[in-house]
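User: I am new to this structure and would like a close look at a single part of it. Please take one helix, describe how it sits among its surroundings, and then place it in the chain as a whole.

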Amino acid sequence: MSLVKKVCNLIILDESGSMASLQQATMSTFNELIQSISADAAKAGEREQWIQFYSFNGNGIKEQIPLQKVSELMQLNENNYRPDSMTPLFDAIGHATGKLRYALEGETGYIVLVTILTDGAENASKEFTATTIANIIKELQNQNWVFTYIGTNQDVAKEAARMNIVNHARYENNGLSLKSMMVKERSAREKFYTKLDNKDFNTGDKYFDDESKP
């Protein structure tokens, strides 16, 4: 692929009520993920790291971090991450990708790395359907967007395939497994950056080495 000058990290995080038991682990792993993105930004040279972060539940879709260049970023805490209500997953994906797509219109030399993390399947969307989201993702994957779906309490491979997402991983519904999963995600992210530096990454490549392991 051509030289990538800008990496846009789009994070879409479930904040539904069932995430309450994982609240502390989720906040910790998210903050570690932000630190790893910031660390790459500090050593990436001319390649810029940008981030946009949404959390979502039945009460709304919150843009916690507007699209911005990575620097000193907010961290999750009990004040800004309070699990509640249902899981409008499709609406969150549709809203978040649509807004970022609009912001990037006319730009070149970028790649978008989308990370979706949820502990349950869709159950509350009103604007987007599985078919609509699958079509959006299929189109964006042909435009240098890489989607990763991380989930539990569901058939993760089946749910990912329903949305045309190739890269997926499953964790058990407990804090230790979630933290272990995010260590794996950060390792995959570092390999992703290395491939970008070597100009040998294609959006069709697998993100995880072995997607069958939790």
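Analyst: The model is predicted. The part chosen here is helix H1, which covers residues 23-43.

Start with its length. H1 has 21 residues, and at 1.5 Å a residue these should span 30 Å. The C-alpha atoms at the two ends are 31 Å apart, which agrees with that expectation. After the helix comes Gly45, which has a positive phi near 70 degrees.

Next, what is covered. The buried residues of H1 are Gln23, Ala25, Thr26, Met27, Thr29, Phe30, Asn31, Leu33, Ile34, Ser36, Ile37 and Asp40. Three elements pack against these buried residues: strand S1 (6-14), strand S2 (48-57) and helix H5 (175-197). Each of the three can be taken in turn.

S1 is mostly covered, with nine of its nine residues buried. In a regular strand, side chains alternate between the two faces of the sheet. In S1, Lys6, Cys8, Leu10, Ile12 and Asp14 point one way, while Val7, Asn9, Ile11 and Leu13 point the other way. Residues of both sets are buried.

S2 runs parallel to S1, and nine bridges join the two strands. Within this pairing, Leu10 stands opposite Gln52 of S2. S1 also pairs with strand S4 (110-118), again in parallel, through eight bridges. On that side the bridge partner of Leu10 is Val114 of S4. Leu10 thus has a partner in S2 and another in S4.

The third neighbour, H5, is itself a helix, with 23 residues. From its first C-alpha to its last it reaches 33 Å, close to the 33 Å expected at 1.5 Å a residue. Its buried residues are Ser177, Leu178, Met181, Met182, Glu185, Arg186, Ala188, Arg189, Phe192, Tyr193 and Leu196. The cover over them includes H1, together with S1, S2, S4, S5 and S6.

One residue of H5 can be related to H1 by distance. Ser177 lies in H5, and Ala25 is among the buried residues of H1. These two residues are 152 apart in sequence, yet their C-alpha atoms are 9.5 Å apart in space. Ser177 has a relative accessible area of 14%, and because buried means under 20%, Ser177 counts as buried. Setting aside neighbours within four places in sequence, Ser177 is in contact with Tyr171 and Glu172.

H1 and its neighbours also share a nonpolar core. The largest such core has 36 residues, and those with the most contacts inside it are Ile11, Ile51, Ile111, Leu117, Tyr171, Phe192 and Leu196. At least two residues of this core come from each of S1, H1, S2, S4, strand S5 (145-151) and H5. H5 supplies the largest share, seven residues. There is a second, separate core of 30 residues, and Phe90, Leu140, Phe147 and Tyr149 are among them.

Now the chain as a whole. It has five helices and six strands. Along the sequence, they follow the pattern β-α-β-β-α-β-α-β-α-β-α. For 214 residues, a compact globule would have a radius of gyration near 17 Å, and the 16 Å of this chain agrees with that. Taken along the principal axes, the C-alpha atoms fill a box of roughly 40 × 35 × 35 Å. Of the 214 residues, 52% count as buried. The chain exposes about 9700 Å², of which carbon and sulfur atoms supply 47%.

The separation between Ser177 and Ala25, 152 residues in sequence, can be set beside a count for the whole chain. Among contacts between residues at least 6 apart in sequence, 76% join residues at least 24 apart.

Two loop residues complete the description. Asn144 is in the loop between helix H3 (130-140) and S5. Asn144 is not a glycine, although its phi is positive, at about 70 degrees. With 28% relative accessibility, Asn144 counts as partly exposed. Asn164 is in the loop between helix H4 (156-162) and strand S6 (167-170). Its phi is also positive, near 65 degrees, in a residue other than glycine. Asn164 is partly exposed, at 31% relative accessible area.

Conventions:
Residues are numbered from 1 along each chain as its sequence is written. This is a predicted model: local features need pLDDT of at least 70, side-chain atom pairs count only at pLDDT 80 or more; totals for chains, interfaces and linings use all residues. Side-chain values use heavy atoms; hydrogens and water are left out. Helices (H or I, at least four residues) and strands (E, at least two) are DSSP runs, numbered from the N terminus. The expected span of a helix is 1.5 Å times one less than its number of residues. Buried means under 20% relative accessible area, exposed over 50%, partly exposed in between (1.4 Å probe, protein chains only). Contact means heavy atoms within 4.5 Å. A nonpolar core is a set of buried Ala, Val, Leu, Ile, Met, Phe, Trp, Tyr and Cys residues joined through side-chain atoms within 4.5 Å. The radius of gyration is taken over C-alpha atoms; the globule rule is 2.2 Å times the number of residues to the power 0.38. Accessible areas come from the Shrake-Rupley method with a 1.4 Å probe; for residues, only the protein chains shown count as cover. Two strands pair if DSSP finds at least two bridges between them.
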